[in-house]
Amino acid sequence: MLKIRKIKSSDKDRVTEITKDIWDGDDYMPLVFDKWVKEKTGEFVGAVDEKGKLIGFEKLTMVTEKDAWIEGLRKDMNSEIKGVGIFLSNYLIKLAKAKKVNTIRFTTYFQNVESISLFSKIGFEIIERRNNKFKEIPKIKFIPEYKGNRSEIIKDEKLALDYFHRSKSAKLLNNGINISWVLHPITDKLITDKFVKTDQCLGIIENGEIKALSFFMIREKDELFISYFFADNDKYAKELFQKLKQITYKNKQKYMNIIIHLKDKECNQWFKQFGFTSWEEENDFMLFDLPIKQKGNK
Ligand SMILES: CC(C)(COP(=O)(O)OP(=O)(O)OC[C@H]1O[C@@H](n2cnc3c(N)ncnc32)[C@H](O)[C@@H]1OP(=O)(O)O)[C@@H](O)C(=O)NCCC(=O)NCCS
């Protein structure tokens, strides 16, 4: 019989042991473990067997007070115990429903047959796909194209928010903005706190007006992740992108990554021109939603 308990700091070694064989040792879990354990909202839980051994774990993240997100499902692949994934997921869904949330969602890669099959079985439905694109940054010391670049960190949140809300790209993001593989409902507070106040809002200003704008972050691993990118024309887009590339170099990151809405024609085109490609195929980022029928839940 499996039991649920909270994941604690002291579980780190066991969690690392479980994840070391997943995705050829490329699992991001050890990198986010400390942050996840400390998080006050949501719940990071494990499934333990009769002897108290940790067999698997999963996390409920509250992206807002009313929007729940499920992530980080892993199981010890050497364990014979079946049903660990369903057991943990059902527990977290119950917990989310008790909080009377409006949405329960998760995302996965199109080739992750285990999670697609598992979450479909529980009742999740695919509601959107996006394009996950990356570019490896070669190690070059001198890049002439950076000379005279006018891009700057934008600290004026009103200016940034005005441009963002008016842009075509932002209007497509009904299901939220990508902060890595988690989608966050868009609010001015989110944009201000996550990007403007952290100096991760880059733009080009001409005659007091923004002409191009991007939100980015340095990810746990070795990537610069672009959450939003838009420009008035191709020229500004190229200039803004070159600055992002320079920031990637300066932070000693190896890759740049963006997840683009399928209908975002401009962004899809620009990033193709900038040399970004899919890992394997287009439409590879899948957003799943669990339809909730709950009394009194608006
Ligand atoms: C995903 C994972 C946690 C599933 O754990 P599990 O305890 O074996 O899952 P369950 O026994 O609860 O499986 C329930 C359902 O998931 C699906 N599933 C699980 N493993 C599968 C596999 N190898 N291939 C296809 N479907 C699979 C099936 O639909 C299964 O139902 P079934 O047993 O009736 O066929 C485990 O395979 C794992 O840790 N994988 C590596 C990490 C990963 O991919 N995590 C998901 C990322 S979000």
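Me: Which elements each supply at least two residues of the shell around the ligand?
Reply: This is a predicted model: local features need pLDDT of at least 70, side-chain atom pairs count only at pLDDT 80 or more, and totals for chains, interfaces and linings use all residues. Residues are numbered from 1 along each chain as its sequence is written. Helices (H or I, at least four residues) and strands (E, at least two) are DSSP runs, numbered from the N terminus. Each supplying at least two shell residues are β4 (67-75), α3 (84-98) and α4 (113-122).

Me: How many residues surround the ligand?
Reply: A residue is near the ligand if its C-beta atom, placed from the backbone, lies within 6 Å of it. The closest are Val 84, Gly 85, Ile 86, Ser 117 and Leu 118. The full count is 18.

Me: How many residues of the shell around the ligand are charged?
Reply: Ala, Val, Leu, Ile, Met, Phe, Trp, Tyr, Cys and Pro count as nonpolar, Asp, Glu, Lys and Arg as charged, and the others, Gly among them, as polar. The shell has six nonpolar and seven polar residues. Its charged residues number five.

Me: Which element gives the largest share of the shell around the ligand?
Reply: The largest share is six residues. They come from α4.

Me: Is Ile 116 buried, partly exposed or exposed?
Reply: Ile 116 sits in helix α4. Buried means 20 or more other C-beta atoms within 10 Å of a residue's own, exposed means 12 or fewer, and partly exposed lies in between; C-beta atoms are placed from the backbone. Ile 116 has 17 such neighbours within 10 Å, so it is partly exposed.

Me: What arc do the buried residues of α8 cover?
Reply: Helix α8 (residues 234-250) has 17 residues and reaches 24 Å from first to last C-alpha, close to the 24 Å expected at 1.5 Å a residue (1.5 Å times one less than the number of residues). Its buried residues are Tyr 236, Ala 237, Leu 240, Phe 241, Lys 243 and Thr 248. They lie on the same side of α8 because their arc, taken from the directions between helix axis and C-beta atoms, is only 160°.

Me: Which exposed residues does the other face of α8 carry?
Reply: The buried residues of α8 pack against β10 (201-206), β11 (209-218), β12 (223-231), β13 (255-261) and α9 (265-273), with contact meaning C-beta atoms, placed from the backbone, within 7 Å. The face turned away from that buried side carries Asp 234, Lys 235 and Lys 250.

Me: Which strands stand at the edges of the sheet?
Reply: The open sheet has 12 strands in the order β1-β2-β3-β4-β5-β14-β6-β13-β12-β11-β10-β7, with mixed pairing. Two strands pair if DSSP finds at least two bridges between them. Each edge strand has a single partner, so one side is left without a neighbour; these are β1 (3-6) and β7 (152-153).

Me: In β11, which residue is the bridge partner of Leu 202?
Reply: β7 and β10 pair antiparallel over two bridges. There, Ile 153 stands opposite Leu 202 in β10. Six bridges join β10 to β11, also antiparallel. In β11, Leu 202 partners Ser 214.

Me: What phi does Lys 100 take?
Reply: Lys 100 lies in the loop between α3 and β5 (103-109). It counts as partly exposed, with 14 C-beta neighbours inside 10 Å. Lys 100 is not a glycine, yet its phi is positive, about 55°.

Conventions. Contact = placed C-beta atoms within 7 Å.
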